[in-house]
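Visitor: I would like a close look at one part of this protein, namely the charged side chains that pair with each other. Please set the scene with the whole chain and then go through the pairs one at a time.

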Amino acid sequence: MYDTKYSMNHFKEFSIHSRLSEIQSIEKYSSPYDILIVGGGITGAATARDAALRGLKVLLVEKGDFASGTSSRSSKLVHGGVRYLEQFELGLVMESTAERARLWRLAPQLVSPIPFLFPAYKNSRVPLWQLSCGLWLYDILALFRTPGLHKTYFKKRCLKEEPAMEQDGLVGAQFYWDGATDDSLLTLANIIDAREAGAICVSRVMCHEISFENSPDGTPHSARLTDETNQKEFNVKFRAVVFATGPWTDIALKGCAPQLPFPKLMQATRGSHIVVSKEVLPARHAVVMTHPIDGRVLFSIPWGDFTIIGTTDIFDNQAPEKTAITSDEIDYLIKSASFYFPNNPIKRDDVVSTWSGLRPLVAPSNGEGEGASEISRDHYLEWRDPGALVITGGKLTTHREMAAQCVDLLLKQCASWKSSLSQGFTPCPTLERPFPQLCFPKEKAVQLKTPPLGNSEASRLSLNTVQQILMTQSVMSIEDFCVRRTQLFYKEGDNGFSTLNKLKPLFCESLGWNDAEWETSLAAYKGYVNANVYRPLGRQN
């Protein structure tokens, strides 16, 4: 977990109980919302934050948990995009490095610098000197807004920094800085700040059908929503809708608004990762690896007491919610890490956890086929009368800028409407606004004079901190808690089950669950672990 200091009273309550009252207020609200945002990943959350801070009446609905799709399945990096230099996407690099620097400054508890090494071997496609030239350009495009400039390490210094790295044929490595984050909590920080500014943001609410009025003058439209916790349907009115549904974009447009003239937009690729303990792969830096089979770039990334290895990049046309790592992908990632760290071979049994998600990549407009790694990571933003805007693609790093562009375009299109959307073009309010702090002190729970709940990641948790999470971070299920709030799923050897045994009374008291509801949520979490760890590894649950 990341760390911070706040009391339960610092934010509005954001719990299973406050959600119930918010659903009731939505049902009773007869006036139109200025904006209905469909999708509670990083893009929708940032758009809600930006719009609410400009004074708009915002309703955001998410069919699952906040960040439960792509936005919790990244490489946990806020990066400038070194590899985009080779594709001459210099504008994307400039935008990414500017936003990375901004996040370092405005969200230091959630985004922090991380040192990288980019090694070069005698047979590497890109020699050491060429890497240095590229990183000089990288530093320049970043306007030198990093903890330090890149450095060239020759073999001796390189092995001093990373003694476990493959020595045979090693020429050296380039040292540079990038950023690490907790993607789930960064999304949640946007949601919480949006709520502080007056937005209503509810999870487990599905948008089924939108009825548009024909007149593009701000006449209120309507949407049919379903509370997924009880299947109760209700309608809302709104003046404009933003689809921020990531890899679900084509599905959402077809299901909610088939009358809109949007083409098929998405050409998603699957990115998968594995996690092993630091003892198994003791990398001190994030290391850029070129896969020995196909030459793809991937990373090994230090992650507290663990190391992340990823990511794959494979075209995937299945339903996004069914995305999971395959056994072949696990072997592929292990092979790359073992090639670069031959003295620390990884066995399949060393894998503690995995995750897999779909990148919401926009299909090339020329219709020509491209490799999965060659499709642009830039975003797509398009308005359609009488009141719909689609935003998709892009990167976690640039979420704030994407949201600002989205709201700017929305206000521009609605300038002639007789509503609060036409009250003038309000400047973007997020350029210098700090993000809220969401987590807890770095001290171990025992130092806080409260008993720790377990080893590794659980050692940072006490009953007091768990209760804060449950009451202020919109926990609706055990999966929410273990996967997207505390990382117990990723960083406990048993994926958090032993810790959960100690938490049942607190969960039931805080969330109002009975024994049956606890067992239902526990069974669902077991299913998640089985799909993402046991099944692809061939283990028995």
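Guide: Of the 541 residues of the protein chain, 61% count as buried. The model is a predicted one. The chain is built with 14 helices and 18 strands. A compact globule of 541 residues would have a radius of gyration near 24 Å, and the value for this chain is 23 Å, which agrees. Along the principal axes, the C-alpha atoms fill a box of roughly 70 × 55 × 40 Å. Among contacts with a separation of 6 or more, 73% are between residues 24 or more positions apart. The accessible surface of the chain is about 21,500 Å². Carbon and sulfur atoms account for 52% of that surface.

Now to the charges. The chain has 58 positive and 59 negative charges, and the mean positions of the two sets are 4 Å apart. Side chains of opposite charge can pair when their charged atoms come close. The cut-off used here is a side-chain nitrogen of Lys or Arg within 4 Å of a carboxyl oxygen of Asp or Glu. By this rule there are 31 salt bridges. Three of them are taken in turn below.

One of these salt bridges is formed by Arg400 and Glu99, with 2.9 Å between the closest N and O atoms. Arg400 belongs to helix 9 (residues 399–413) and Glu99 to helix 3 (residues 90–106), so this salt bridge ties together parts that are 301 residues apart in sequence. Are the two partners buried or exposed? Arg400 has a relative accessible area of 5% and is buried. Glu99 is buried as well, with a value of 3%.

Asp480 and Arg204 also meet through their side chains, in a salt bridge of 2.9 Å from N to O. Asp480 sits in helix 11 (residues 478–485), while Arg204 sits in the loop between strand 7 (200–203) and strand 8 (205–211), so the pair ties together parts that are 276 residues apart in sequence. Asp480 is buried, its relative accessible area being 0%. Arg204 has 15% relative accessibility and counts as buried too, because the limit is under 20%.

The third pair is Arg348 with Asp331, whose side chains meet in a salt bridge with an N to O distance of 2.6 Å. Arg348 is in the loop between helix 8 (327–340) and strand 16 (353–359), Asp331 is in helix 8, and the two residues are 17 residues apart. Arg348 has a relative accessible area of 25% and is partly exposed. Asp331, at 36% relative accessibility, also counts as partly exposed.

Some salt bridges share partners, and in this way Asp65, Arg204, Glu479, Asp480, Arg484 and Arg485 are joined into one network. Two members of that network, Arg204 and Asp480, are the pair that meets at 2.9 Å, N to O.

For a last residue, turn to Thr43, which has its place in helix 2 (residues 42–53). Thr43 is buried, with a relative accessible area of 14%. Leaving out residues up to four places away in sequence, Thr43 touches Ala244, Ile391 and Met402.

How values were computed: Residues are numbered from 1 along each chain as its sequence is written. This is a predicted model: local features need pLDDT of at least 70, side-chain atom pairs count only at pLDDT 80 or more; totals for chains, interfaces and linings use all residues. Side-chain values use heavy atoms; hydrogens and water are left out. Helices (H or I, at least four residues) and strands (E, at least two) are DSSP runs, numbered from the N terminus. The radius of gyration is taken over C-alpha atoms; the globule rule is 2.2 Å times the number of residues to the power 0.38. Buried means under 20% relative accessible area, exposed over 50%, partly exposed in between (1.4 Å probe, protein chains only). Contact means heavy atoms within 4.5 Å. Accessible areas come from the Shrake-Rupley method with a 1.4 Å probe; for residues, only the protein chains shown count as cover. Lys and Arg count as positive and Asp and Glu as negative; His and the chain ends are not counted. The place of a charge is taken as NZ of Lys, CZ of Arg, CG of Asp or CD of Glu.
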